[in-house]
Amino acid sequence: MRRLTFAAAVGLAAASAASMAMAAETETITISDEIGIVKVNKGQPILIGGYWVISGPDTALGLDSKRGAEVYFAERDNTIAGHPIRFIVEDDQCNAEGGQNAATKLAANQNIVGVIGPACSSAATPAAPILWKAGIVDIGTATTAPRLTAPDRGPDYDGYARTIYSDNLQGAGDAEWMYNVAGFRKAATIHDGSPYAEQLAKVFEAEFKKRGGEVVSSEAVSPTDVDMRPVLTRIASSKPDVVYFPIFVASAGHLVRQMKDIDGFDKITPIGGGALFAK
């Protein structure tokens, strides 16, 4: 993380050094760090950045995380080490372009000491390298795509961490429940091409097969698609027990509404993912 250097701390260090030996010569202490230093003078705010989806159909995902950070700050009187907190939040719209724009704005502020967020892996994938290039650590709050913290993710993501599980775990857990508890033997999947949905669907398929299940259909939609009937018709023709669609609110809404129009879907159990925990 970028180092936080307080003027008061420097003064204390100098006083301590002077008291060590009466004859000690005055010396200047130079503090350096390869990813940069932010100096916060006495009385000045500590700037913390954040970026989440705070507009559009997936707003609930971002607002929960943003409010969680705000509650945490409030419980500590909105201060860190006696400095007031200034929280700067950008809207990433839960997509790659939005994440890039949000990270670019935050990275341009040389006084930001760290960034919290986002909720969407689609935004974090392009954003995290931009922030790290500026020497800013990024701590994701709901970004579960496995590649973000994979051992081979590359140095561009060295400054990225997260407070949530990887979909390697979620995909395995979902597959285990569907096969061992629910008793499903044939599954279909739908993803929307986002890092979150596509990687989770792949993990689920591999884990479901590992347990003896059969994946009879793997489909993809676009987040902007409205007519889901062709995809749903193909899935119905493959006669799965369950259709697993860990996608986002807008396209999932169209899917669920149109399932009742497709012959055979009354015998298929639909199961979404965590991104659909919205109201």
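**Notes on the predicted fold**

1. A good place to begin is the helix pair: α3 passes α4 in a right-handed crossing. For the handedness, a crossing is right-handed if the near helix is turned clockwise from the far one by less than a right angle, and left-handed if anticlockwise. Helices (H or I, at least four residues) and strands (E, at least two) are DSSP runs, numbered from the N terminus.

2. Before going on, please keep in mind that this is a predicted model, where local features need pLDDT of at least 70 and side-chain atom pairs count only at pLDDT 80 or more, while totals for chains, interfaces and linings use all residues. Residues are numbered from 1 along each chain as its sequence is written, and side-chain values use heavy atoms, with hydrogens and water left out.

3. Back to the pair: α3 (residues 96-107) and α4 (residues 121-133) pack at an angle of about 25 degrees, and their axes are 7 Å apart. The angle makes α3 roughly parallel to α4, a label for angles under 35 degrees (over 145 is roughly antiparallel, 65 to 115 roughly perpendicular, the rest oblique). Axes here are lines fitted to C-alpha atoms, for helices over the stretch in contact, and angles run from 0 to 180 degrees between N-to-C directions.

4. Which residues of α3 and α4 make the contact? From α3 come A96, G99, Q100, A103, T104, L106 and A107, and from α4 come S122, A123, P126, A127, I130 and L131; contact means heavy atoms within 4.5 Å. By class, this contact has 9 nonpolar, 4 polar and no charged residues. The classes put Ala, Val, Leu, Ile, Met, Phe, Trp, Tyr, Cys and Pro under nonpolar, Asp, Glu, Lys and Arg under charged, and the others, Gly among them, under polar.

5. Strand β3 (residues 46-52) is worth a look: 7 of its 7 residues are buried, that is, under 20% relative accessible area (exposed is over 50%, partly exposed in between; 1.4 Å probe, protein chains only). I46, I48, G50 and W52 point one way from β3, while L47, G49 and Y51 point the other way. In a regular strand the side chains alternate between the two faces of the sheet.

6. What does β3 pair with? It pairs in the parallel sense with β5 (residues 83-91) over 7 bridges, with G50 opposite V89. With β6 (residues 112-116) the pairing is also parallel, over 4 bridges, and V115 is the bridge partner of G49. Two strands pair if DSSP finds at least two bridges between them.

7. Another sheet to view is an open one of 4 strands, in the order β10-β9-β11-β12 with parallel pairing. Its edge strands, β10 (214-220) and β12 (269-272), each pair on one side only. The twist averages 20 degrees from one strand to the next. Helix α6 (residues 195-210) packs on this sheet, touching β9, β10 and β11, and its direction makes about 170 degrees with that of β9.

8. Buried or exposed: which is A175? A175, in helix α5 (residues 167-181), is buried, with a relative accessible area of 0%. Leaving aside neighbours within four places in sequence, A175 is in contact with F204, E207, F208 and R211. The C-alpha atoms of A175 and E207 are separated by 5.9 Å, although the two lie 32 residues apart along the chain.

9. For the whole chain, there are 8 helices and 12 strands, and buried residues make up 44% of the 279 residues.
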